[in-house]
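Q: Please take a close look at one part of this structure, the arrangement of its strands, and then set that part in the context of the rest of the chain. A connected account would be preferred to a list.

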Amino acid sequence: MIPPAETLPKDSSAPKKGVRQTEQRKAVFEALMAKADHPNAVDVFMRVKSRMPSISLATVYNCLETLTNAGLVRTVNHDREPSRYCANLTEHAHLFCTNCNSITDLPLQNPMLPEQVWNLPPGITIARQEVAFQGLCAQCSTPDPASGSAPSAPLS
Ligand SMILES: [Zn+2]
Ligand SMILES: [Zn+2]
């Protein structure tokens, strides 16, 4: 079992240079913003490493934790997979594709408070909502005409 990021020691041997950490955190955040495919920590690490070769996986975990604690990034958990990360801060649900394992953001049709959407028993307080669906993403639910794997959209 891989321990969740939350249990990693915070005061390991992280460099105490504030500027450097800010730089790394910025790179991690930019990697998340660049592609909204809900990568896990290792995916983020691979992306950041290509432009910042000195960064370590532990640093990426630390940056992700800091960003999550700061409310700039959300963790997305599905089954027993490692946490994935989402930098889309608008209220949305997640569709987990059972075929390709992708996660698609589903924005709310009409932004509403949880108590307007759900029938909450009395005495319940909602701190954060996390709505998840399972199904097929657009790519997987589109029947491909020639059984080719190329995700083309022949519209004309
Ligand atoms: Zn998302
Ligand atoms: Zn899919």
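A: Two strands are said to pair if DSSP finds at least two bridges between them. The model considered here is a predicted one. With that definition in hand, the place to begin is strand β3, which covers residues 92-97 and pairs with β4 in the antiparallel sense over five bridges. Within this pairing, His94 stands opposite Asp105 in β4, and Leu95 stands opposite Thr104 of that strand. The two strands form a hairpin with five residues between them. In the turn of this hairpin, Asn101 has a positive phi of about 70°.

β3 has a second partner, β5, with which it pairs in the parallel sense over four bridges. On this side Phe96 stands opposite Gln134 in β5. Taken together, the three strands make an open sheet in the order β4-β3-β5, and its pairing is mixed. The edge strands are β4 (103-107) and β5 (132-135), each of which pairs on one side only. Neighbouring strands of the sheet are turned against each other by 30° on average, direction ignored. As general background, the strands of a sheet pair through backbone hydrogen bonds, either parallel or antiparallel.

The sheet may now be placed in the whole protein. The protein has five helices and five strands, and from the N terminus on its elements run α-α-α-β-β-β-β-α-β-α. Of its 156 residues, 15% count as buried. Among the contacts with a separation of 6 or more, residues 24 or more positions apart account for 56%.

The largest nonpolar core has 16 residues, and those with the most contacts inside it are Val28, Leu32, Val44, Val48, Val60 and Leu64. The elements that give two or more residues to this core are α1 (18-34), α2 (41-49) and α3 (57-69). Apart from its neighbours within four places in sequence, Val28 is in contact with Val44, Val48, Val60, Cys63, Leu64 and Leu67.

Val44, one of these partners, lies in helix α2. Val44 has 24 other C-beta atoms within 10 Å and is therefore buried, since 20 or more such atoms are required. With neighbours within four places in sequence again left aside, Val44 is in contact with Val28, Ala31, Leu32, Pro39, Val60, Leu64 and Tyr85. Val44 and Tyr61 are 17 residues apart in sequence, and their C-alpha atoms are 9.3 Å apart in space. The buried residues of α2 are Ala41, Val44, Phe45 and Val48. Seen down the helix axis, the buried residues of α2 fall within an arc of 105°, so they line one face of the helix.

In α3 the buried residues are Thr59, Val60, Tyr61, Asn62, Cys63, Leu64 and Leu67. The 13 residues of α3 should span 18 Å at 1.5 Å a residue, and its end C-alpha atoms are 18 Å apart, which agrees. α3 is followed by Gly71, whose phi is positive, near 80°.

Two loop residues complete the picture. As a general rule, most residues other than glycine have a negative phi. His38, although it is not a glycine, has a positive phi of about 55°. His38 is found in the loop between α1 and α2, and it counts as buried because it has 23 C-beta neighbours inside 10 Å. Asp79, also a residue other than glycine, has a positive phi near 50° and belongs to the loop between β1 (74-76) and β2 (84-86). Asp79 has 5 other C-beta atoms within 10 Å and is therefore exposed.

Definitions and conventions: Residues numbered from 1 in each chain as written. Chains lettered and ligands numbered in written order. Predicted model: local features only at pLDDT ≥ 70, side-chain atom pairs only at ≥ 80, totals over all residues. Axes fitted to C-alpha atoms, helices over the stretch in contact; angles between N-to-C directions. Core = buried A, V, L, I, M, F, W, Y, C linked by C-beta atoms within 7 Å. Buried ≥ 20, exposed ≤ 12 C-beta atoms within 10 Å, placed from the backbone. Contact = placed C-beta atoms within 7 Å. Arc of directions from axis to C-beta. Expected span 1.5 Å × (residues − 1).
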